[in-house]
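Q: Hey, I've got this protein open on my screen and I'm not sure where to start. Can we walk through a few spots together?

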Amino acid sequence: MSKAMRNKVQKKFKMRGYTLKIDALSEILGFLSRFPEAEDEALDLLLDELHHISLKSSILDKEPVLKVISLLLEAEAAVEESPTSSGYGSTGSALRIIDAFDFPKFRYDPIKKLFHKFTGNLPIHGDASAKVTLYRDRFLLLSQSLSRDPHFSRPVFGNDISDYGSCQISPIQSLVGQTGKKWVMGLISQLEDGHFYLEDLTAAVEVDLSNARITTGFFAENTIVVAEGEMLLDGIFQVKTCGFPPLEDREKSMAMFSGIDSFGGGSLTKEETIRLEELEKGAVNDMFVILSDVWLDNEETMGKLETILGGYENETVVPSLFVFMGNFCSHPCNLSFNSYSSIRSLFGKLGRMIAVHQRLKEHSRFLFIPGPDDIGPSNVLPRCSLPKYITEELQNLIPNAVFLSNPCRIKFYTQEIVFLRQDMLYRMRRSCLMPPSSEETSDPFEHLVATITHQSHLCPLPLSIQPIIWNFDHCLHLYPTPHTIVLGDRSEQKAFKYTGVTCFNPGSFSNDFTFVAYRPCSQEVELSAV
């Protein structure tokens, strides 16, 4: 590579505020040599992509440069392979399915006030500090969004705030010796039997919730709340009003990541996002069929499933995706279960049933998400995909079948969809510290949706009720808020749109033969049954 090109690279990087080390410069020159007729365009593209990744310093060494170059070369290879020839049509390139153990992990830095990507190793069995980090990360995630809410921000000039009065959040540590009304933010915990506390990063204070006026949602241990009250002489904080932290607009949350991929489907440039939005508007025929509790050992269930497959086979346009959520067996596959070969053969039977419908086999994809009682290492979340031994027969018959974790994510063009299969409604109602408020709604599902969206977490239950792998708690985060949340639950089939987020439960297919047909283009939820 000529000296002139070397100088040009250094000059362009310096204009963008970067200083190159020798090894980084060598990698860049090697990358540009692949494009002898478009060196300037390749260099500009490299600089643009470098702007979207999190950097430790403006002095660049080999590592971040190699990372960006590998991403660009992968994108070039993907274009050359032409994904539209794979048999999925437009869906092959539009639909990205992401396993929980591949989700990117971001942590908030309260000093720099920004998110940075965690790049270290994440062992399944974390040490004690991992449990502390789990709660700390949850608290900081909600605390940083609350700090931008105008109702809870410190006024800049005088006392001219808002009609709400002063709602500035006080650290719990500062409550000692204070009188008068105070606002605090903390996690509800039970440090002593029968005594509940609010904890933040500074201290913990015992609270009296007996006369508290609450907002919509399920208030249980482990949930983070904003509370108004005052300190009593006996050191107890008497709560008058209690609610969840306000839900931040998706656009504001996305701005905090400034172009970094927080969902896991790959980062997109502004031009790519606009192009995908246009394609998404035209994908009016794309449809997802979602079923939960598909018991493969139940003859009536399999007969109803055959009816559904046969019906969609005869449609003009077949569904883009079928989502089968567990449980896949009417009996829990626990330690006393020993008929693994029979489950394997049942999946093979399902594969043969699907293979009979040639159009579905060729043009639809099939996603399988394990349920809480399916075969797996334990009942923790996130739950890994079904073992290959169980799914091998079906996979051989249906190449378009994908077996993923619980939860998992789908990116359809620009739309983000989250799937969870867990009986959350029953557990949240059992764990409530007080009856939910009926001022705004008395529907339990709407209370559940309000809880998980305001908590920015799919499962804000105590770890004693629903264990979570400490190092992978980020897989359950809902920040920024996705467009759609699918909550597979044994309870009644429901759909609810809350602050722009589409949430629905497809119901229990094996119990009442309900399912959902979802059109991602219009976010239309069609509650169905056979």
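A: Sure. Keep in mind that this is a predicted model. Let's begin with two strands: β12 (residues 288–292) and β13 (residues 321–325) pair in the parallel sense, over five bridges.

Q: Which residue of β13 does Ile-290 stand opposite?

A: Ile-290 stands opposite Val-323.

Q: And how many residues of β12 are buried?

A: Five of the five, so β12 is largely enclosed by the rest of the structure.

Q: Which way do the β12 residues point?

A: Phe-288, Ile-290 and Ser-292 point one way, while Val-289 and Leu-291 point the other way, and all of them are buried. That fits the general pattern: in a regular strand the side chains alternate between the two faces of the sheet.

Q: OK, helix time. Which residues of α13 are buried?

A: In α13, which covers residues 424–431, the buried ones are Met-424, Leu-425, Met-428 and Ser-431. Looking down the axis of α13, these buried residues fall within an arc of 140°, so they line one face of the helix.

Q: Why would residues that aren't next to each other in a helix point the same way?

A: An α-helix has 3.6 residues a turn, so residues three or four places apart point the same way.

Q: What do the buried residues of α13 pack against?

A: They pack against β17 (415–421) and α14 (444–455).

Q: And what's on the face turned away from the buried side of α13?

A: That face carries the exposed residues Arg-429 and Arg-430.

Q: Switching topic: how many salt bridges are there in the whole structure?

A: A search finds 19. One of them joins the side chains of Glu-439 and Arg-213, at 3.3 Å from N to O. This pair links distant parts of the chain, with Glu-439 in the loop between α13 and α14 and Arg-213 in strand β9, 226 residues apart.

Q: Are Glu-439 and Arg-213 buried or exposed?

A: Both Glu-439 and Arg-213 are exposed. For a contrast, try the salt bridge between Asp-293 and Arg-421, where N and O are 2.9 Å apart. Asp-293 lies in the loop between β12 and α9, and Arg-421 is in strand β17, 128 residues apart.

Q: Why do Asp-293 and Arg-421 count as buried?

A: The cut-off for buried is under 20% relative accessible area. Asp-293 has 2% relative accessibility, so Asp-293 counts as buried. Arg-421 is at 0%, so Arg-421 counts as buried too.

Q: Which residues are linked with Asp-293 and Arg-421 in a network of salt bridges?

A: Asp-423 and Arg-490 are, so to speak, the other members: the network links Asp-293, Arg-421, Asp-423 and Arg-490.

Q: Now Asp-489. Where is that one?

A: Asp-489 is in the loop between β18 (484–488) and β19 (494–498).

Q: What's the nearest side chain of opposite charge to Asp-489?

A: That's Arg-421, but it is 5.8 Å away, and Asp-489 has no salt bridge even though Asp-489 is buried. The cut-off for a salt bridge is within 4 Å.

Q: Then which backbone nitrogen lies 2.9 Å from a polar atom of the Asp-489 side chain?

A: The backbone nitrogen of Met-424. Met-424 is also one of the buried residues of α13.

Q: What else is Asp-489 in contact with?

A: Leaving aside neighbours within four places in sequence, the contacts of Asp-489 include Ser-292, Gln-422, Leu-425, Asn-505 and Gly-507. Ser-292 belongs to β12, where we began.

Key: Residues are numbered from 1 along each chain as its sequence is written. This is a predicted model: local features need pLDDT of at least 70, side-chain atom pairs count only at pLDDT 80 or more; totals for chains, interfaces and linings use all residues. Side-chain values use heavy atoms; hydrogens and water are left out. Helices (H or I, at least four residues) and strands (E, at least two) are DSSP runs, numbered from the N terminus. Buried means under 20% relative accessible area, exposed over 50%, partly exposed in between (1.4 Å probe, protein chains only). Lys and Arg count as positive and Asp and Glu as negative; His and the chain ends are not counted. A polar contact is a pair of N or O atoms within 3.5 Å; within protein, one must be able to donate a hydrogen and the other to accept it, and residues adjacent in sequence count only if both atoms are side-chain atoms. Contact means heavy atoms within 4.5 Å. The arc is that of the directions from the helix axis to the C-beta atoms. Two strands pair if DSSP finds at least two bridges between them.
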